[in-house]
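Visitor: I'd like a friendly walk through this structure, one question at a time. Could you guide me?

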Amino acid sequence: TLFAGLPIQPLFYTLDNRLSPAAVGAYPWPPMWKSNAQGILTPAALDEYLRQFYQKAAVWECKLGSAFPAFNDIYKEAGVSAGYGFLDPQNGETLKNTLQRALDYKADVIQLVTWNDYGEGTIIEPTLEFGYRYLEIIQDFERSHVDSLLPFRRQDLALPLRIYSLRKENTHDEQINADLDRVFELIIQEKVIEARVLLDSLSGETRVGSQMQGRVDSFALLQNYPNPFNPATVIRFDLEMSSPIILEVYNVTGQKVRTLMETTLPAGEHQVIWDGKNGTDQLVSGGVYVYQLRMEGVMAAKKCLLLR
């Protein structure tokens, strides 16, 4: 009745069981009512529920699957009710299994079940307890089964927090905030490596300024020469003071290709030659690479182009 006056009819799904004739289908949910006497929903009980659900849903025209990481409410602990039971996350295996079930079902849409209150169930969003575990699993799943060219990597999940932290540290710095706007635009455009390089440079400047009393020239990473290059190039950098440093090369997907230097150096100008090989002494393919210098929490990076 509610939908009757709409020119475009929405698809209506109901929980667990299809409510005919209004609903075109239903979606699965953590079946906590199947918990045992100890209040635990076992993996076997969950598997049986999902098997039965997807079996009956196989004939539906529009298929909606669900994936979730666990279930653990705090109602009993809070004295509100007996609670709904406990579904063990199994170090991420529960989310992996429910994702795989939905994929095997050939769902048109996979719903990621997350609660708006951590105490109400379990959430997928990052927490101090689990970090980015569940988002990493979803990202790996997407790359394996949906989009093999997905440009984002695990370390990119922390980019929003890094942007937020830099904005808090530099509230009144218009230039840094303009640069952070640019980082955001690059991320939206899926130009991840450029966003990461720019953000690394901003992080380096900020940390140098805060830790070394405004001396933003404590070290300088220079552009390699020649650039483009084949087969080798020289990377130079200046240190204002003696310090442990790490100089590494990454490819455009964020994977480390080679550690060029990891040692403690005196103040002054230094250089190292990259011969276009990886850590196993094999030639790498041509393309864009990023070399990154880290020093006591400070970081800077620059791009180079290897021609083959």
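Visitor: Happy to start with one aromatic residue: is Y27 buried or exposed?
Guide: Good place to begin, and keep in mind that this is a predicted model. The cut-off for buried is under 20% relative accessible area. Y27 has 19% relative accessibility, so Y27 counts as buried.

Visitor: And which class does W29 fall into?
Guide: A residue between the 20% and 50% limits is neither buried nor exposed. W29 has 24% relative accessibility, so the class for W29 is partly exposed.

Visitor: What kind of aromatic pair do the rings of Y27 and W29 make?
Guide: The structure holds 13 aromatic pairs. For Y27 and W29, the ring centres are 6.1 Å apart and the planes stand at 70°. Planes over 60 degrees apart count as edge-to-face. Therefore the Y27 and W29 pair is edge-to-face.

Visitor: W33 and Y49 also form an aromatic pair; how many residues apart are they?
Guide: This pair is edge-to-face too, with 5.8 Å centre to centre and 85° between the planes. W33 sits in the loop between β2 (25-27) and α1 (43-57), while Y49 belongs to helix α1. The pair thus links distant parts of the chain, and the separation is 16 residues.

Visitor: Which of these is exposed, with a relative accessible area of 54%?
Guide: Y49 counts as buried, at 7% relative accessibility. Exposed means over 50%. With 54%, the exposed residue is W33.

Visitor: Which residues form one aromatic cluster with W33 and Y49?
Guide: Two members of this cluster, F53 and W60, also appear in a separate nonpolar core of 19 residues. The cluster is completed by F53, Y54, W60 and Y105.

Visitor: Let's turn to a strand: where is S66 found, and which side chain does it meet in a polar contact of 3.1 Å?
Guide: S66 lies in strand β3 (residues 64-67), and at 0% relative accessibility S66 counts as buried. Among the residues that S66 touches are Y27, Y54 and T98. The side chain at 3.1 Å is that of Q111.

Visitor: Which residues of β3 are buried on the two sides?
Guide: In a regular strand the side chains alternate between the two faces of the sheet. Both faces of β3 are covered. On one side the buried residues are L64 and S66, and on the other they are G65 and A67.

Visitor: Which residue in β6 stands opposite L64?
Guide: β3 and β6 run parallel and are joined by four bridges. Opposite L64 stands V109.

Visitor: Which elements do the buried residues of helix α3 pack against?
Guide: Helix α3 (residues 133-145) has 13 residues and reaches 18 Å from its first C-alpha to its last, close to the 18 Å expected. Its buried residues are Y134, I137, I138, Q139, F141 and R143. They pack against α2 (93-104) and β6 (109-112).

Visitor: How many residues does the largest nonpolar core have?
Guide: Those with the most contacts inside this core are F237, I245, L247, W274 and Y289. Elements giving two or more residues to the core include β8 (233-239), β9 and β10. The core has 24 residues.

Visitor: Finally, which residue is the bridge partner of I245 in β10?
Guide: Strands β9 (residues 243-251) and β10 (residues 256-265) run antiparallel, joined by eight bridges. They form a hairpin with four residues between them, and G254 in the turn has a positive phi of about 90°. The partner of I245 is T263.

Note on methods: Residues are numbered from 1 along each chain as its sequence is written. This is a predicted model: local features need pLDDT of at least 70, side-chain atom pairs count only at pLDDT 80 or more; totals for chains, interfaces and linings use all residues. Side-chain values use heavy atoms; hydrogens and water are left out. Buried means under 20% relative accessible area, exposed over 50%, partly exposed in between (1.4 Å probe, protein chains only). A polar contact is a pair of N or O atoms within 3.5 Å; within protein, one must be able to donate a hydrogen and the other to accept it, and residues adjacent in sequence count only if both atoms are side-chain atoms. Contact means heavy atoms within 4.5 Å. Two strands pair if DSSP finds at least two bridges between them. The expected span of a helix is 1.5 Å times one less than its number of residues. A nonpolar core is a set of buried Ala, Val, Leu, Ile, Met, Phe, Trp, Tyr and Cys residues joined through side-chain atoms within 4.5 Å. Rings of Phe, Tyr and Trp (its six-membered ring) pair if their centres lie within 6.5 Å; planes under 30 degrees apart count as stacked, over 60 as edge-to-face and the rest as tilted. Lists of a residue's contacts leave out its neighbours within four places in sequence.
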